[in-house]
Amino acid sequence: MKREHKKDNPKEMIKIFDTTLRDGEQSPGASMNVEEKLRVAKQLQRLNVDIIEAGFPVASEGDFEAVKRIAEGIKGVEVAALARANIKDIDRAWQALAGAKRPRIHTFIATSDIHLKYKLRLSRSEVLKKTVEAVKKARSYTESVEFSAEDAVRSDRAFLAEIVEAAIDAGALTINIPDTVGYTTPMEFGSLIRYLKESVPNIEKAVISVHCHNDLGLAVANSLTALQEGARQVECTVNGIGERAGNASLEEIVMILRTRKDLYNFDTRIKSEHLYPSSRLITHITGMAVQPNKAVVGANAFAHEAGIHQDGVLKEKTTYEIMTPESVGIAKSKLVLGKHSGRHAFKDKLVELGYELSEENLEKAFERFKQLSDKKKEIYDEDLEAIVADEVLRIPDRFKLIYVNVVSGTATVPTATVQIEIDGKTIQDSGSGAGPVDSVYSVITRITKTRSKLLRYSVNAITGGTDAQGEVTVRLMEKGHTVIGQGAHTDIIVASAKAFVNALNKLEYKKKKVEVNL
Ligand code: KIV
Ligand code: ZN
């Protein structure tokens with residue numbers, strides 16, 4: 001039986017703290033440069049998240065720059081920067097955040113004995129002291145200070161309560177309880193939040209936040225249980241990307257609260273029609289595809305395969321649909337434009353897909369659309385997404401592919417000529433290889449003077465037909481850094497070159513990051 005909440009009992013608003021740009025970017029393979037992060041931040045603003053965690057400024061110049069640009073450019077949302085519990089990190093976080101209208105410093109230290117003994121080599125009293133100093137320092141800069149007790153779930157409960165109380169006394173307005181290693185279960189996590197509510201005397205002065213990792217597939221379930229026990233902020237990421245198995249998925253939390261209004265007396269400010277466009281944006285920028293059966297945003301999330309299901313949905317949608325595709329922003333029509341479609345129709349379709357481009361970017365994308373429509377009769381949503389990703393979303397750092405030409409066939413040695421712009425200077429070279437892709441990749445490697453190892457190469461047809469665009473995905477490794485690159489084109493050799501250059505740019509960016517001990 002459905003439990004209806006009374007109309008005079010308004011929903012409590014849960015804060016959505018998005019950490020796609022910080023914890024999400026820590027996903028193996030994921031990497032975004034400053035411009036890409038800025039694009040994501042704009043989309044998160046459109047989605048209407050409450051807080052954007054923009055990065056970890058002390059980690060690299062790129063992280064610092066990204067937080068600074070987001071803090072200065074995104075005014076409608078609170079912008080957070082991560083800092084370990086030390087003065088240097090907090091000063092750096094503040095330097096990056098100073099231009100924000102609503103800045104938040106998020107400082108953290110581990111509290112579990114495992115972390116204290118093996119990682120920090122500190123005693124509990126030393127950790128307590130550092131916590132108080134860090135929170136006070138952060139409070140000297142801004143009112144909005146969040147403190148996280150890293151590995152809270154595996155910490156001694158009494159010590160955790162003591163440190164939470166001290167952090168609140170020192171001025172933290174948000175207390176985050178992370179399940180750093182994705183170890184807990186709903187029952188256990190719920191009881192931990194209840195314990196803190198009952199045993200920390202000043203707990204009502206702070207908002208309790210939760211930050212769950214998904215190592216056992218329970219991140220969303222654990223977050224929801226925490227809400228029922230008094231947490232009022234959830235930390236999550238688009239597509240659930242993040243360290244190892246990822247973080248709690250933003251779209252799942254939001255849609256559970258919306259779809260099961262009868263069970264939960266909570267809501268969020270998220271504009272759910274931007275969920276799917278946000279998911280696609282993250283996929284295109286990071287190169288990390290979403291599994292087809294992923295809840296809410298997977299390609300099959302609204303596909304009905306069995307005849308009996310299709311029949312049911314045709315008669316009455318609610319037979320097999322618990323939410324509508326439109327409510328999460330999945331476009332109504334798939335078949336779109338052709339050779340004769342004008343700029344206006346093109347722009348409208350992009351807006352329907354969630355892309356609001358500047359005039360300059362619109363022009364670039366339209367040019368590419370025209371070229372594609374000369375080669376391909378029917379252009380689908382997926383084609384447009386690939387164009388936008390290629391032309392607008394993935395922003396080159398150092399290397400820009402200008403030109404690629406290949407000669408290959410049954411009776412010739414495959415030979416490639418490539419032109420690349422590096423830091424504004426154009427360099428051209430040619431060479432041969434085992435096949436066309438091999439020759440292109442060895443010429444690009446020579447021009448860019450890089451030493452990456454190709455771990456994976458795959459090519460997919462974006463739509464059906466021999467005139468389809470090919471989307472190439474590559475995974476590269478250099479000096480312990482792994483990245484994913486993507487490129488799309490009707491010529492798969494050109495798509496391969498684009499994907500390789502995209503990945504090399506990401507590697508350049510990643511190599512600049514210093515390894516900081518989280
Ligand atoms: O997982 C974790 O504990 C974190 C903290 C830095 C909040 O990401
Ligand atoms: Zn985390």
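In what order do the 3 strands of the open sheet run, and is their pairing parallel or antiparallel? The order is S13-S14-S15, and the pairing is antiparallel. This is a predicted model.

## The open sheet

Two strands form the edges of this sheet. They are strand S13 (399-407) and strand S15 (425-432), and each pairs on one side only. From one strand to the next, the twist averages 15°.

Look next at the pairing of S14 with S15. Strand S14 covers residues 415-422 and is joined to S15 by 8 bridges. The two strands run antiparallel. Within this pair, Ala416 stands opposite Gly431 of S15.

Helices pack on the sheet too. Helix H15 (residues 436-448) touches S13, S14 and S15. The direction of H15 makes about 35° with that of S14. Helix H16 (residues 492-511) also packs on the sheet, where it touches S13 and S14. The direction of H16 makes about 150° with that of S13.

## The barrel

The model also holds a closed barrel of 8 strands. Its order is S2-S3-S4-S5-S6-S7-S8-S9, with parallel pairing. Neighbouring strands here are turned by 25° against each other on average, direction ignored.

As background, strands of a sheet pair through backbone hydrogen bonds, either parallel or antiparallel. Three pairs from the barrel are set out below, each with a bridge partner.

| Strand pair | Bridges | Residues opposite each other |
|---|---|---|
| S8 (residues 207-212) and S9 (residues 233-236) | 3 bridges | His211 and Glu235 |
| S2 (residues 15-18) and S9 | 4 bridges | Asp18 and Cys236 |
| S2 and S3 (residues 51-55) | 2 bridges | Phe17 and Ile51 |

Strand S9 thus appears with two partners. It pairs in the parallel sense with S8 and with S2. Strand S2 in turn pairs in the parallel sense with S3.

Helices lie across the barrel strands as well. Helix H4 (residues 113-120) lies across S5 and S6 and runs at about 85° to S5. Helix H7 (residues 186-199) lies across S7 and S8, at about 155° to S8.

## The ligand 1 site

Which residues surround ligand 1? The shell consists of Arg22, Asp23, His106, Phe108, Ser148, Glu150, Asn176, Pro178, Thr180, His211 and His213. By class, these divide into 2 nonpolar, 6 polar and 3 charged residues.

Three side chains make polar contacts with ligand oxygen. For Asp23, a side-chain N or O atom is 3.1 Å from an oxygen atom of ligand 1. For His211, the distance from a side-chain N or O atom to a ligand oxygen is 3.1 Å. For His213, a polar side-chain atom lies 3.0 Å from an oxygen atom of ligand 1.

How much of ligand 1 does the protein bury? Taken alone, the ligand exposes 260 Å², and the protein buries 95% of that.

Which elements give two or more residues to the shell? They are strand S5 (103-110), strand S6 (145-150) and strand S7 (174-179). These three strands also belong to the closed barrel.

His211 links the two views. This residue is part of the shell around ligand 1, and its side chain contacts a ligand oxygen at 3.1 Å. In the barrel, the bridge partner of His211 is Glu235 in S9.

Key
Residues numbered from 1 in each chain as written. Chains lettered and ligands numbered in written order. Predicted model: local features only at pLDDT ≥ 70, side-chain atom pairs only at ≥ 80, totals over all residues. Heavy atoms only, no water. Pairing = 2+ DSSP bridges. Axes fitted to C-alpha atoms, helices over the stretch in contact; angles between N-to-C directions. Contact = heavy atoms within 4.5 Å. Near = heavy atom within 4 Å. Polar contact = N/O pair within 3.5 Å; in protein donor to acceptor, adjacent residues only side chain to side chain. Areas by Shrake-Rupley, 256 points an atom, 1.4 Å probe, with all protein chains shown as cover. Nonpolar A, V, L, I, M, F, W, Y, C, P; charged D, E, K, R; others polar.
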